[in-house]
Amino acid sequence: MVMDKDIIVLAVESSCDETSVAVIKNGIEILSNVVSSQIESHKRFGGVVPEVASRHHVENVTMVFEEALLKANIDWKDIDAITVTEGPGLIGSLLIGINAAKALAFAHDIPLVGVHHIAGHIYANQLVEPLQFPLLALVVSGGHTELVYMEDHYQFKVIGETLDDAVGEAYDKVARTLKLPYPGGPHIDRLAALGEDTYKLPRVWLDKDSYDFSFSGLKSAVINTVHNAKQRGEEIIPENLAASFQASVVEVLVEKTMRAAKEFHVKQIIVAGGVSANKGLRHALENAVKAQGQFKLTIPPLSLCTDNAAMIGAAGTQAYLRGHRSNMEMNGQSGMELKSI
């Protein structure tokens, strides 16, 4: 879609435990992207506590807004739209960002645009380079594991999804079993690089033509391996167990992604979500794409893999250009379908 003027959006993300505000130009240029993380607060609980997360959002949101606007060096009159994560996510956390966005949109008479969190993760890739359609997005995060086919901007078709645990959730539960700190994903990834795939863990393929995923059985297999070893008085080698777990996850993700990319004749494969920061997954996809030789692979930098408002601004700009508007009745949605516009 051709723009006859620069489009500036103010973006808000508060779906879980990051309070973030960004200013995005034309959906591709980051003027500011401020993220206030709560990881240190939640570490002692071994996971995100919704009530604690909500309270931190209340404490941080004004400061983050001010810093984002200051860094971008813009005035309210320059802003064409305010985009905000509408869902899915923790309802209390979502409501903090949504109500802040609604108040500012009302006070300054600026259009309000609700954005799906996963659309944001997908469009984080547009902040790296232009999207080439048709494309396939591998969405991997703490709450989602999906393959999404896109023929054009904001045209989403979910062709595969997890039937149980999301991949990030499985990583965190395996990390807890190995008594690793929260968040567990980066620690598993680090250990896996030091170990070898020596434990026989399952690869869950489901039906041969299916693009769906299942990680519950793999997670249970890891837990059973640890418990059985303890009962027999055997030592578990954490590096090797982490490597075996990651090898199983990565093999299934990469194989199904590559098979779908071929079937749907895509030009580009993009990776979206927090688990896209995983080095093992990145290397495996890079190698698979290089061997295939027919797809463009795009993976965001680490700063855009985890939750941030820049991605919401990138997605929100496309939604805004397509005429999508929200009103003051917009509410947070803990579960929200990824819809085309």
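Biologist: What stands out about N73, just after α2?

Modeller: In this predicted model, N73 takes a positive phi of about 55°, just after helix α2 ends. Something similar follows α3: there D109 has a positive phi, near 55°.

Biologist: Let's stay with α2 then. How do you know that the length of helix α2 agrees with its number of residues?

Modeller: Helix α2 covers residues 50–72, which is 23 residues. The expected span is 1.5 Å times one less than the number of residues, so helix α2 should span 33 Å, and its end C-alpha atoms are 31 Å apart, which agrees.

Biologist: Where is the kink in α2 centred?

Modeller: On N60, where the kink is about 45°. The bend compares axes fitted to the seven residues ending at a residue and the seven starting there. N60 is also one of the buried residues of α2, as are H56, H57, V61 and V64, among others.

Biologist: What do the buried residues of α2 pack against?

Modeller: Three strands and two helices: β1 (8–13), β2 (18–25), β3 (29–37), α1 (39–43) and α3 (91–108).

Biologist: How do you know that the length of α3 agrees with its residue count?

Modeller: The same kind of check works here. The 18 residues of α3 should span 26 Å, and its end C-alpha atoms are 26 Å apart, so the two agree. Its buried residues include S93, L94, G97, I98 and K102. Those buried residues of α3 pack against β1, α2, β4 (81–87) and β5 (112–116).

Biologist: Why is α5 called roughly parallel to α7?

Modeller: The axes of helix α5 (residues 167–177) and helix α7 (residues 216–232) cross at roughly 5° and come within 10 Å. Angles under 35 degrees count as roughly parallel, and that makes α5 roughly parallel to α7.

Biologist: Which residues of α5 and α7 meet?

Modeller: On the α5 side they are K173, V174 and T177, and on the α7 side K219, V222, I223 and V226. By class, this contact of α5 with α7 has four nonpolar, one polar and two charged residues.

Biologist: V174 makes me curious about its other neighbours. Which residues does I188 touch?

Modeller: I188 is found in helix α6. Leaving aside residues up to four places away in sequence, I188 touches V174, along with Y171, A175, L178, L180, A242, F245 and Q246.

Biologist: How do you know whether I188 is buried or exposed?

Modeller: Buried means under 20% relative accessible area. I188 has 0% relative accessibility, so I188 counts as buried.

Biologist: And S248, is that residue buried or exposed, and what makes it so?

Modeller: S248 is in helix α8 (residues 238–263). With 2% relative accessibility, set against the 20% limit, S248 counts as buried. Beyond residues up to four places away in sequence, S248 touches P202, R203 and L218.

Biologist: What makes R325 neither buried nor exposed?

Modeller: Its relative accessible area is 39%. Buried is under 20% and exposed is over 50%, with partly exposed in between, so R325 is partly exposed. R325 lies in the segment after α11 (309–321). Not counting residues up to four places away in sequence, R325 touches P111, L112 and Y320. The C-alpha atoms of R325 and V115 are separated by 10.0 Å, though they are 210 residues apart along the chain.

Biologist: Back to the loops: what is notable about the phi of N26?

Modeller: Phi of N26 is near 60°, a positive value in a residue other than glycine. N26 sits in the loop between β2 and β3. Its relative accessible area is 17%, under the limit of 20%, so N26 is buried.

Biologist: What about the phi of Y154?

Modeller: For Y154, phi is near 55°, also positive in a residue that is not glycine. Y154 belongs to the loop between β7 (145–150) and β8 (157–161). With 4% relative accessibility, Y154 counts as buried.

Biologist: Which kind of peptide bond joins Y182 and P183?

Modeller: A cis peptide bond, with omega about -10°. P183 lies in the loop between α5 and α6 (184–192). The bond from F133 to P134 is cis too, with omega near -5°, and P134 lies in the loop between α4 (117–123) and β6 (135–140).

Conventions
Residues numbered from 1 in each chain as written. Predicted model: local features only at pLDDT ≥ 70, side-chain atom pairs only at ≥ 80, totals over all residues. Heavy atoms only, no water. Axes fitted to C-alpha atoms, helices over the stretch in contact; angles between N-to-C directions. Helix = DSSP H or I, 4+ residues; strand = E, 2+ residues; numbered from the N terminus. Parallel < 35°, antiparallel > 145°, perpendicular 65-115°, else oblique. Contact = heavy atoms within 4.5 Å. Nonpolar A, V, L, I, M, F, W, Y, C, P; charged D, E, K, R; others polar. Buried < 20%, exposed > 50% of the residue type's maximum accessible area, 1.4 Å probe, protein only.
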